[in-house]
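Here is a walk through a protein model, one neighbourhood at a time. Keep the structure open and follow along.

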Amino acid sequence: MSKREAGEEMLVRKIEQGTVIDHIPDWKAETVAKVLRLDKLARMQADVSVAILQNVKSQSLGRKDIVKIDRWQVDERDADILSLVFPGISVNYVNEWKVSKYQARVPDVIEGRIRCPEVSCISNAEREPVVTKFITLKRERLLQCHYCDTLLGFDAVPDHVSG
Amino acid sequence: MEKSDFIGRDVVSIRDFERDQLDHLFDSVEALEKQPRSLNDILEGKLAVILFFEPSTRTYSSFHIAADNLGMKVTGFASAAGSSVSKGETLHDTIRMFEGYGADLFVIRHARPGSLRFAAEITDVPVINAGDGSREHPTQAMTDMYAIRKAFGKLDGLKVGILGDLRYGRTASSLAYALSNYDVEMTFIAPEALKMRPEVEQYLEQRGATTKSETDLKNVVGDLDVLYVTRIQKERIPDPTEFEKVKGLYQVNLEALARAKPSLKVLHPMPRVDELAAELDATNYAHYFVQAAAGLPLRMVLMNFMLGGAS
């Protein structure tokens, strides 16, 4: 175990099963929690625990945040959305102490996870059976609502994650 | 370019049409104007369902008359008041219901942006967007372009000013999208609060369209071949104080056109409030009644194309 890892270990133990999200920009762990709706998850899954480490020393970033979710594997589609907001993030799945890195990719289309910022968009109409859908404009770092064309910057995605 | 390119397709956004398709449509409208009865009763036995969740005069009437002329049966409603929509029925259920009654074509206007893209996903029956909130009004853009072509015999090489509420006015965005198919220089004239929406600017930039922005008509009026005037969309501006700030900011009258070319044509999708003075009606600038009239043959040709009637 390296000295750095030992330092982290003093704060939070290793997990047997779950997800470790690493290389989060410093003080942005709460944004990650927001995108993953971890508060809702913790309410619904009684045995899930979440550890948030902030201001951890990092060789590549200087300082970084880490989120450990014990006994829960983050959905790959949510990991992909995280990679929109934080391109350098690492999502690691832990299974019986073994760690495997998920290669997050920027999706071409995102369905059902993000609300359209245009409040009057048909996809925000309460009783219509419509699922939100966004097309990714990668070069521009924008999402475009498939229905009303409204643009949403990647950075603004955390504020529009569906409850 | 064949008429069959239109058969069974939806008309949700003007961006779904390419230049050769639009030119073919306009050629056919021109032919219909020369022989106004040539399409009468050609779609006899077909059912047009016209659902206007928002009120309208010109668009509703022109679609209704166009469908009548083509020999179609017409049903639906002209406003949500008095229909089951006022009891809370959804767009989805309304479409499914009329689909069950044998609709061959839907013409829908709805207040919510994106509602027509959704409508087209609900049903396999062809759908025409007759206005979805502040976003698009593709048949108005087709009408507008046809009216411009009628005045100048072409679209390429023209300088078109689009004035007014470019943020909430769906005809302005649809026209700008449509003109990007041609070699047209577009000037957007609007106060800061009513500028073109970012997604429209982004699309035009990606298409390599020639555009510029202005806040004052008098700085550019002398250069323009076409001035497209729009009403401030009071009903779509979320904050009433914002409307108070922008209302009455511009009025196109003889004084405003003092430096205009004599050949300038003024268009307006109507209805007008106070942004377009009645004193222009009797001048050669006025092209808006020609424009409004063009909506009827254009919608006849389009519906005939979509339903594959013989020509």
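Start with E96(A), which counts as exposed because its relative accessibility is 57%. This is a predicted model. E96(A) sits in the loop between strand 4 (90–95) and strand 5 (98–102) of chain A. Its backbone deserves a look: phi is near 50°, a positive value in a residue other than glycine.

R141(A) also has a positive phi, about 55°, although it is not a glycine. Its place is the loop between strand 7 (133–137) and strand 8 of chain A. With a relative accessible area of 31%, R141(A) is partly exposed. The cut-off for exposed is over 50%, so E96(A) at 57% passes, while R141(A) at 31% does not.

Chain B has a backbone feature of another kind. The peptide bond that leads from M270(B) to P271(B) is cis. Its omega is near 5°. Find P271(B) in the loop between strand 9 (265–267) and helix 9 of chain B.

Now turn to the aromatic rings. How many aromatic pairs does a search of the whole structure find? The count is 10 over all chains. One of them joins Y93(A) and Y102(A), with ring centres 5.9 Å apart. Their planes meet at 45°, so this pair is tilted. Y93(A) counts as buried, at 8% relative accessibility. Y102(A) is buried as well, at 13%.

Another pair is made by Y147(A) and F118(B). Here the centres are 6.3 Å apart, and the planes stand at 80°. That pair is edge-to-face. Why does it join two chains? Y147(A) lies in the loop between strand 8 (142–145) and strand 9 (151–153) of chain A, whereas F118(B) belongs to helix 4 (residues 115–122) of chain B, so the pair links one chain to the other. Y147(A) and F118(B) are both buried.

Stay with helix 4 of chain B, the home of F118(B). Is this helix mostly covered or mostly open? It is mostly covered, with six of its eight residues buried. The buried residues are S115(B), L116(B), F118(B), A119(B), A120(B) and I122(B). What covers them includes helix 3 (91–100), strand 3 (105–110) and strand 4 (127–132) of chain B.

Chain B also has an aromatic cluster. F6(B), F17(B) and F305(B) form it. Look at F17(B) again: the charged end of R9(B) sits over its ring, 4.2 Å from the centre. A second arginine, R15(B), lies over the face of Y203(B), 5.8 Å from the ring centre.

Y203(B) leads on to a helix pair. It is one of the contact residues of helix 7 of chain B, where it meets helix 6 of chain B. Helix 6 covers residues 170–179 of chain B, and helix 7 covers residues 198–207. Their axes come within 10 Å and cross at roughly 10°. That makes helix 6 of chain B roughly parallel to helix 7 of chain B. Helix 6 brings S173(B), A176(B) and Y177(B) to the contact. Helix 7 brings E199(B), V200(B), Y203(B) and L204(B). By class, the contact has five nonpolar residues, one polar and one charged.

Next, look at L296(B) in helix 9 (residues 288–307) of chain B. L296(B) counts as partly exposed, at 26% relative accessibility. Leave aside neighbours within four places in sequence, and L296(B) is in contact with S62(B), I65(B), A66(B) and N69(B). For a sense of scale, L296(B) and S86(B) are 29 Å apart from C-alpha to C-alpha, and 210 residues apart in sequence.

End at G161(B), in strand 5 (residues 159–163) of chain B. Is this glycine buried or exposed? G161(B) is buried, because its relative accessible area is 0%. Not counting residues up to four places away in sequence, G161(B) touches T187(B), I189(B), L224(B), V226(B), L227(B) and Y228(B). The C-alpha atom of N40(B) is 36 Å from that of G161(B), with their positions 121 residues apart along the chain.

Technical notes
Residues numbered from 1 in each chain as written. Chains lettered and ligands numbered in written order. Predicted model: local features only at pLDDT ≥ 70, side-chain atom pairs only at ≥ 80, totals over all residues. Heavy atoms only, no water. Axes fitted to C-alpha atoms, helices over the stretch in contact; angles between N-to-C directions. Helix = DSSP H or I, 4+ residues; strand = E, 2+ residues; numbered from the N terminus. Parallel < 35°, antiparallel > 145°, perpendicular 65-115°, else oblique. Contact = heavy atoms within 4.5 Å. Nonpolar A, V, L, I, M, F, W, Y, C, P; charged D, E, K, R; others polar. Phe/Tyr/Trp six-rings, centres within 6.5 Å; stacked < 30°, edge-to-face > 60°. Buried < 20%, exposed > 50% of the residue type's maximum accessible area, 1.4 Å probe, protein only. Lys NZ or Arg CZ within 6 Å of the ring centre and 35° of its normal.
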